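User: I am new to this structure. Please show it, and let me ask how its labels are earned.

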Amino acid sequence: MRGQELIVSAMGEAALLCETERPLNDADQRRYWAMARAAEAWPGVLEAIPGVNNLLVVYDPAAASAAAVERALREAWTDAVYQASESRLIEVPVIYGGELGMDLHGLAAHAGLSPEEVVRIHSEAEYTVYAVGAVPGFPYMAGLDPRLAWARRDVPRLRLEAGSIIIGGVQAGIMPVTTPSGWHSLGWTPMPFFDAAASPPALLVPGDRVRFTVEELRL
Amino acid sequence: MTDPQSLAEIARHMAARGIEVLEVRSGDRHYRLVAEAEAAPVAAAPPSPPPAGHFTKAAGIGRLRFHHPQRGRPETGNGAVRKGQVLAYLQAGLLLQPVLAPCDGTIGPALAEEGALLGHGDKVFAIRPG
Amino acid sequence: MTGPAMIEILAATPLSSVQDLGRSGVRRYGIGVSGAMDPMALSAANLLLGNERGAAGIEITASPLRLRFLADTAFSLCGADGAATLDGLPLPPFWAMAARAGQELSVRAPRAGMRAYLAVAGGIDVPVVMGSRSTDLKTGFGGHEGRGLAAGDRLPIGTPAAPPRIPEGGFGVAPPAGMPLSEADTTEVRVIRAAQYGRFPEAAHETFWSTAWTLRPDSNRMGFRLAGPALIPVERVELLSHGILPGVVQVPPAGEPMIQLNDANTCGGYPKMGVVIGADLWRLGQLRLGGGLRFAEATREEALAARAANEAYLAGVSRASRLARRV
């Protein structure tokens with residue numbers, strides 16, 4: 001059978017989750033994006049939601065059988081080709097440090113770097129939006145320099161402001177709405193990433209590339 | 001229309017359309033057919049005699065229920081009732097139709113049993129106004 | 001020229017909000033489904049009035065609500081029994097009734113069950129945001145100003161296709177089987193095994209299926225936290241973030257399961273023990289804080305049969321409603 005390395009599991013009677021046991025990688029992420037696009041056109045499929053190196057497909061069990069959707073997913077995994085030209089580059093101006101970047105000094109100490117070096121390393125990298133989710137418009141981004149990786153807080157903060165530029169483990173993110181979070185905040189951007197009245201409501205989509213520019217450094 | 005063949009035909013149509021109660025007026029005759037889960041539809045008795053005094057009367061057709069299926073106690077708590085208050089229910093399939101108090105007052109004993117099949121005008125309670 | 005018909009909230013807690021059957025197709029933007037926690041009750045309430053089953057209503061959560069109708073209309077109340085009164089006249093649960101302008105409806109906190117749903121003929125006509133009138137309480141959009149209800153709020157009512165003819169005294173339907181009848185009732189929901197079920201030892205499986213779990217008081221529309229014995233996997237499970245759905249039963253490292261629900265984040269990464277079948281989610285919507293919960297294993301086929309049974313109930317409600325309204 002084709003697509004054998006793909007692990008497909010039921011998430012209830014109306015959804016299938018696709019993943020593999022391979023380490024996190026870019027090439028697989030591109031396949032999931034392409035599969036998501038393909039799957040949305042299949043009869044009975046309601047939603048295809050890319051995650052971080054995985055894909056959740058929600059279907060109407062009255063219109064499609066789990067077996068048929070799974071077969072189609074395995075074929076798509078084998079055949080999927082992601083069109084790289086679809087990706088956009090978005091520049092995000094950041095005020096590093098200060099009240100809303102309260103973890104900049106902590107990260108510098110954790111990484112054995114100066115705050116200036118942390119800002120330089122963070123703003124020189126190019127990030128790729130792997131998936132959007134958790135909260136409205138939130139991008140899970142790959143591309144963080146391993147020197148800046150920092151495990152999430154043991155106790156989440158009850159309130160992280162919308163626009164916070166954040167790090168959680170090896171992932172980078174931008175918090176589009178004010179919400180509790182266990183990620184660390186290095187700075188803040190005035191750029192809006194979620195607007196319920198806009199179409200689409202989220203600024204970033206999977207596949208987008210992101211660069212941070214230093215608008216201001218507050219030490 | 002009261003021959004068994006016609007009734008069976010009507011019952012078949014009711015079942016096919018999910019109709020639980022059918023009422024027919026023909027001249028001075030009044031018929032009602034009630035579909036029951038485990039039983040064939042039955043032709044019910046002619047209308048009740050005209051009422052005297054204050055009674056709550058069935059305004060629909062169904063099995064008498066003194067309490068709501070979601071409530072553990074009967075609706076008629078301490079005996080005092082208010083005009084328009086639901087005192088009991090007539091159940092036909094999922095449908096619950098109210099047996100209403102016609103006036104403010106005190107409720108008397110029930111005139112029909114739990115589960116009795118009642119129709120329009122059948123007395124359910126006597127009410128002492130006041 | 002007059003404005004739309006309205007209802008005015010006289011008293012409410014922020015736990016009560018405008019909800020329909022939820023937002024779909026926007027999870028890819030990180031937007032959750034929201035929607036009624038007991039979709040069976042909201043659907044039944046709408047069908048009693050001849051509304052579309054997904055019209056917006058008010059979810060009244062374990063707290064009192066009082067409102068005044070500012071126009072003649074018809075309304076219905078389904079779900080938990082809030083011992084409602086209309087101008088002081090008691091109303092049964094799962095009941096439809098006509099209201100005149102100026103009449104006051106009062107709903108109390110229920111003694112059994114958790115949520116009651118108020119529907120009005122024509123539906124609550126707040127703006128549609130991303131395909132739904134549901135309030136997204138977490139992010140603060142949709143519904144009425146993106147928030148729970150408060151005294152002084154005025155909610156517009158849509159114009160029904162045909163004003164329902166409600167007989168004197170109203171009418172109702174029997175509630176679906178499984179509606180909690182007393183505070184002491186234990187809720188049972190059916191669960192399909194999920195991806196990490198096999199990562200837990202047999203003893204944890206046994207514990208999962210046999211325990212009478214208790215709903216922790218910090219549970220809400222985002223998720224239910226359950227108190228009971230810890231479920232520990234054979235080895236620590238590290239997962240990448242992936243899409244999740246209402247009903248997913250996750251087991252965080254501390255070992256006590258939690259169920260993600262309507263207002264949950266759209267992605268998560270905790271190990272998944274199982275998923276509550278779609279047909280039983282409404283039962284969770286009626287589970288009280290501190291209430292008892294048991295899981296029973298189900299197959300996909302059983303889940304589909306349960307869906308069909310729920311549909312059959314709602315079809316029965318619709319038939320009963322048409323019979324009572326003589327349409």
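Analyst: The questions below deal with the contact between two chains and with one residue.

Analyst: This is a predicted model: local features need pLDDT of at least 70, side-chain atom pairs count only at pLDDT 80 or more, and totals for chains, interfaces and linings use all residues. Residues are numbered from 1 along each chain as its sequence is written, chains are lettered from A and ligands numbered from 1 in the order in which they are written, and side-chain values use heavy atoms, without hydrogens and water.

User: Why is Asn54(A) called buried?

Analyst: Buried means under 20% relative accessible area (1.4 Å probe, protein chains only). Asn54(A) has 1% relative accessibility, so it counts as buried.

User: What does the side chain of Asn54(A) reach at 3.0 Å?

Analyst: It reaches the backbone oxygen of Val52(A). A polar atom of that side chain also lies 3.0 Å from the backbone oxygen of Ser241(C).

User: What makes Arg27(C) and Glu47(A) a salt bridge?

Analyst: The rule asks for a side-chain nitrogen of Lys or Arg within 4 Å of a carboxyl oxygen of Asp or Glu. Here the N to O distance is 2.7 Å, so the pair meets the rule. Between chain C and chain A the count is 3 salt bridges.

User: How much area do chain C and chain A bury between them?

Analyst: About 2,900 Å², 63% of it on carbon and sulfur atoms. Buried area is the accessible area (1.4 Å probe) that two parts lose on being put together, summed over both. Arg28(C), Tyr29(C) and Arg300(C) supply 22% of the area that chain C buries against chain A.

Technical notes. Buried means under 20% relative accessible area, exposed over 50%, partly exposed in between (1.4 Å probe, protein chains only). A polar contact is a pair of N or O atoms within 3.5 Å; within protein, one must be able to donate a hydrogen and the other to accept it, and residues adjacent in sequence count only if both atoms are side-chain atoms.
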